[in-house]
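Hi,

Here is the structure I promised to pass on. Have a look at it first, and my notes come right after.

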Amino acid sequence: MITFSIDDQKNVAEEVAKIMSEIDPGGTHKAFTKIEDALQFVEETKPDVAWLDIEMPEMSGLELSMKVKKRSPKTNIVFVTGHEKFTYQAFQLHASGFVLKPATKEALQRELDNLRTPIEQERNGLIRVQCFGNFEVFDNEDRPIKFKRSKSKELFAYMVDRRGALCSIGELCGVLFEDRDEDRALKKQLRVFLSSLRDDLQKVGAANVFVKGWNAYGIDCSLIDCDYLNYLKGDSYAINSFMGEYMIQYSWAEMTLGELIMK
């Protein structure tokens, strides 16, 4: 996420940027006191959120918001002020939100959770994996990947849950066939599902995601963009998207769900 704050009081602008760095440690968050510096930053970066003081000597935040929108229409404007009297004017300008000084982490997070223009997330992998809610997988054009066999999809889900750790044949059999004793027939059936999974990924140009070891299988997590894995890294967007549901179609995922709820 890219954001900036501007206030004629340097310490106030820097405090907002500091809080944003705590909320979104992987993002870019700048503080300005000069209008021209802020507008140059807008031109260069097209930020996701602008935190604007309303009462400034050089130009009001209300005027500045129109200049920001002209340069970057998708930037969310959130006014930060010490006076509630400006609320009506702020919303006449279709601002995303309004924060009263002194700004707090809770107040900024509340506005981020309710932005007028959703922040577009940068894709960091060959495929996108959704674990929160139903488990789904999408190709690099964000179309759902169709798995030939439902058990192959479940295998992939389990490998994501294991965060790239290689899983033995016995472990995978236990997940797919929990009520049956492991035997040669089950192992043969499992290999059919693994082969089908590899083919499904290959069709969308993501064959390298699938990893094979010595009688063990897994995935390369660096090649997928996954809400669950991003959540574990502290990504604010992933954290906000978790609504208490995780791979709801798989009973074995309940243990991980419990761990997420306890965090």
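Below is what I found, starting with confidence and then going through one sheet.

Bear in mind that this is a predicted model. The mean pLDDT of the chain is 88, with 93% of its residues at 70 or more. Confidence is highest in helix α6 (residues 150-161), with a mean of 97, and lowest in helix α4 (residues 87-92), where the mean is 55. Where pLDDT is low, the predicted coordinates should not be read in detail, so I'd leave the fine points of α4 alone, given its mean of 55.

Now the sheet. It is open and has three strands, ordered β7-β6-β11, with mixed pairing. β7 (136-138) and β11 (224-226) are the edge strands, each pairing on one side only. From one strand to the next, the twist averages 20°.

Strand β6 (residues 127-130) is a good one to follow on screen. With β11, β6 pairs in the parallel sense over three bridges, and Ile127 stands opposite Ile224 of β11. β6 and β7 run antiparallel, also joined by three bridges, and here Arg128 is opposite Phe138 in β7. These two strands, β6 and β7, make a hairpin with five residues between them, and Gly133 in that turn has a positive phi of about 85°.

Which residues of β6 lie on its covered face, and which on the uncovered one? Ile127 and Val129 are on the covered face, while Arg128 and Gln130 are on the uncovered one. As for helix packing, α6 sits on the sheet and touches β6, β7 and β11, its direction making about 85° with that of β6.

Cheers

Technical notes. Residues are numbered from 1 along each chain as its sequence is written. This is a predicted model: local features need pLDDT of at least 70, side-chain atom pairs count only at pLDDT 80 or more; totals for chains, interfaces and linings use all residues. Side-chain values use heavy atoms; hydrogens and water are left out. pLDDT is the predictor's confidence in each residue, from 0 to 100. Helices (H or I, at least four residues) and strands (E, at least two) are DSSP runs, numbered from the N terminus. Two strands pair if DSSP finds at least two bridges between them. Axes are lines fitted to C-alpha atoms, for helices over the stretch in contact, and angles run from 0 to 180 degrees between N-to-C directions. Contact means heavy atoms within 4.5 Å. Buried means under 20% relative accessible area, exposed over 50%, partly exposed in between (1.4 Å probe, protein chains only).
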